[in-house]
Amino acid sequence: MFSDRVLVLDGGLSNQLTAQGHDLSDELWSARLLRDDPEAIVEAHLAYFLAGASVAITSSYQATFEGFAKHGIDRDETARLLRRSVALGREAVERARARGIDRPLWVAASVGPYGAMLADGSEYRGRYGLGVDALEAFHRPRMEVLAEAGPDLLAVETIPDVDEARALVRIIGDLGVPAWLTYSVGSDRTRAGQPLDEAFALAADVPAIVGVGVNCCLPEDVEAAVGAASRAAGKPVVVYPNSGESWDASARAWRGRSTFDPERVSAWRAAGARLIGGCCRVGPDQITQLAAALEDADRDA
C-alpha cells in the first residue's frame, strides 16, 4: 500500500483546533465538533495538508456510541457523526487539491482505545478490568461504521494494552479495510507494561494490518520502538509521538516542555520508520519542519 518513500502524517488535531479558538475541555474532546462545528475540523485537516502532511487522521478518536450516549446522542446520530468524520477528511483533501497540492493524500479513520471514552487518562495505563471479548464488543460497532464510510485506512491508535490489541486485531481482520496499529508506550514497554516484541507480534500474520508502531509517546521512546516493531511484525513502521510534554488527566492540562525535534526523524527513518508525523501538541509548523527534514533525508539516501 505504501511506497518506499517516507510518508508524512499530520500532527495533533486537538491542538490545532484549540489554536483555531475552540474549547475542547469536555469529555468528548475534539469529537464534540463533529456535531457542533464540522467546518473547524476541515480547516484543521487542511492546515496539516498545507503544512506538508499526506495523511489526515480523522476526528473520531473519542467518538464512541457509549461516549456520545452520555451526552444524549443516540446510536443513529452517533453513526452519522462517525461517517461525517471521514467525509470531513475527504472535504479537506478536495480543498487541498483546489489549493494546488497534487501529491497523494490519504484519510485515516481514527480508532482510539477504550480508555479514551472514559476520559480519565486510562488510555495511558490500560488494564481496564475488561476481557478481550468485552473490548471487542465495545470496538466492533464503531469500527464497522467507520470502515463502511470509506476511509483509505483505519488508524487504530494509542493502544496501551496487548489485551485490547488482541480484540482490535480480531476486528481488523473482518473489515476489508487496511489498518495500522500503534501503541502508546513508555520506554520499551506498552503503557500496561507488556514487552513491545509481544505487542507488535500480534500484527505479523494479519494481512489487513499494513503498518505497526507507536504514537502519543515521548519522542525519546520512538527509536527503540521502531526497531522492535520492524523485527516483530515485519511491516512498515508508523511513528507519531507527542511534543514531549505530559498530560495531567486530573487537571486536563499539559505539563513540562517540548522535546519534539524534527531533526530526530533522520534517526527514526534510519531505524526503519516509513510513516512519520506528530501527535498531541505537535502543530503545522513542526510538520512543515519534519517534512523538510524527511525530504532532505530522502535526497541524501
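Which residues in H3 are buried? In this predicted model, the buried positions of H3 are Ala-40, Ile-41, Val-42, Ala-44, His-45, Leu-46, Ala-47, Tyr-48, Phe-49 and Ala-51. Because 10 of the 14 residues of H3 are buried, the helix is largely enclosed by the rest of the structure. Helix H3 covers residues 38-51 and reaches 20 Å from its first C-alpha to its last, which is close to the 20 Å expected at 1.5 Å a residue. After H3 comes Gly-52, a residue whose phi is positive, near 125°.

The nonpolar interior can be described through its cores. The largest nonpolar core has 104 residues, of which Met-143, Leu-154, Val-156, Trp-180, Phe-200, Val-239 and Ile-276 touch the most other members. Leaving aside residues up to four places away in sequence, Phe-200 touches Tyr-183, Val-212, Gly-213 and Val-214, and also Ala-225, Ala-228, Ala-229, Ala-232 and Ala-233. Separate from the largest core is a second one of 7 residues, among them Tyr-114, Tyr-128, Phe-138 and Ala-167.

Turning to enclosed space, the structure holds 2 cavities of 30 Å³ or more, and the second largest cavity has a volume of about 40 Å³. Its lining is formed by Glu-27, Leu-28, Gln-62, Gly-67, Lys-70, His-71, Met-117 and Ala-119, and the table sorts these residues by class.

| Class in the lining of the second largest cavity | Number of residues | Members |
|---|---|---|
| Nonpolar | 3 residues | Leu-28, Met-117, Ala-119 |
| Polar | 3 residues | Gln-62, Gly-67, His-71 |
| Charged | 2 residues | Glu-27, Lys-70 |

Key
Residues numbered from 1 in each chain as written. Predicted model: local features only at pLDDT ≥ 70, side-chain atom pairs only at ≥ 80, totals over all residues. Heavy atoms only, no water. 1 Å grid on protein atoms, 1.4 Å probe; cavity = no way out; pocket = protein on both sides within 12 Å on 5 of 7 lines; lining within 4 Å. Points joined across faces, edges and corners; volume = space filled by probe spheres on them. Helix = DSSP H or I, 4+ residues; strand = E, 2+ residues; numbered from the N terminus. Expected span 1.5 Å × (residues − 1). Buried < 20%, exposed > 50% of the residue type's maximum accessible area, 1.4 Å probe, protein only. Core = buried A, V, L, I, M, F, W, Y, C linked by side-chain atoms within 4.5 Å. Contact = heavy atoms within 4.5 Å.
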